[in-house]
Amino acid sequence: MITFPGTLDDADAARAVRYAGAEAVALWHGDHDLRGVAAVVVPGGFSYGDYLRAGAIASLAPIMSEVVAAAGRGMPVLGICNGFQILCEAGLLPGALVRNKGLHFVCRDQRLRVESTATAWTSALRNSQEIVVPLKSGEGRFVADAATLEELEGEGRVVFRYVGVNPNGAAADIAGVSSVDGRVVGLMPHPEHAVDPLTGPAREGLAVFESVLRVAV
Amino acid sequence: MARVVVDVMPKPEILDPQGQAVAGALGRLGIAGVTDVRQGKHFELDVDDSVDYETLHRIAGQLLANPVIEDWVVTRTP
């Protein structure tokens, strides 16, 4: 779990990792050190105050050069919300996240359809399974040029799609995508907030963190 | 030393809801005739002579703008 200045969801992401049965290791944005972890979660929040563009400054933080190198060696990396924005800005995932179509910050329990179980972060889910996890973002509209969208669809790299409502105007209802090798996944909704009925809708987000344990250990 | 201006705009095909909101507010201000507003960013950089045009475009394309969603123009005034 990486913490940047302005990260909000590192504690929740750590809790989700523990619930899944793994050890959560705190990583610091200013370090060039991944502390021997087997996988990396880039959590949500407003890193560096979202100055310039959401995720733009964080993508150049010292820890990110280590994450990019590790992803190149196949280490599983998950970007949630601001973490997704950071991974796009870092070039680990295609496309970009821009201001919601309706301008409003959207905070809701969002239904998603699992479009690919062939990634490091979705193997414990079922194809076409629908899960409900919280979405809370103001710049969550996924955009990419036509050729990139065609490539993502053709290669099965759309991982999650919004169901029912498209909350932010995302292209093709896309909520999450993966890298070519399926090891890097980014999504706007927050599976780490859906791991305990006490604090979120059911626990359907836990499978994301259970998935990575199958490949990372 | 030179003053360099970098103007960054959302690509034409990218929907700009912030610009639309500004256009809507103009109507509420009682101003007619503005048919479209698009919102971008304007950067002013003071650079010394060692920073060449190629470097300025790297600065613009790798940090100031995101080439996936934005276009930019670099203007250098000595």
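Colleague: Which cut-offs decide whether a residue is buried, exposed or partly exposed?
Modeller: The count uses C-beta atoms placed from the backbone, taken within 10 Å of the residue's own. With 12 or fewer others the residue is exposed, in between it is partly exposed, and with 20 or more it is buried.

Colleague: Is A:Asp173 buried or exposed?
Modeller: This is a predicted model, in which local features need pLDDT (the predictor's confidence in each residue, from 0 to 100) of at least 70, side-chain atom pairs count only at pLDDT 80 or more, and totals for chains, interfaces and linings use all residues. Residues are numbered from 1 along each chain as its sequence is written, while chains are lettered from A and ligands numbered from 1 in the order in which they are written. Because A:Asp173 has 20 other C-beta atoms within 10 Å, the residue is buried.

Colleague: Which residues does A:Asp173 touch, not counting those up to four places away in sequence?
Modeller: A:Asp173 lies in the loop between strand E9 (158-162) and strand E10 (174-178) of chain A, strands being DSSP runs of E, at least two residues, and helices runs of H or I, at least four, numbered from the N terminus. Its C-alpha atom is 5.3 Å from that of A:Tyr162, eleven residues apart along the chain. With contact taken as C-beta atoms, placed from the backbone, within 7 Å, the residues touched are A:Arg161, A:Tyr162 and A:Asn166.

Colleague: Which strands are included in what covers the buried residues of H3(A)?
Modeller: Helix H3 (residues 82-89) of chain A has eight of its eight residues buried, among them A:Phe84 and A:Ile86. The cover includes strands E3 (40-42), E4 (77-80), E5 (96-98) and E11 (184-187) of chain A.

How values were computed:
Two residues are in contact if their C-beta atoms, placed from the backbone, lie within 7 Å.
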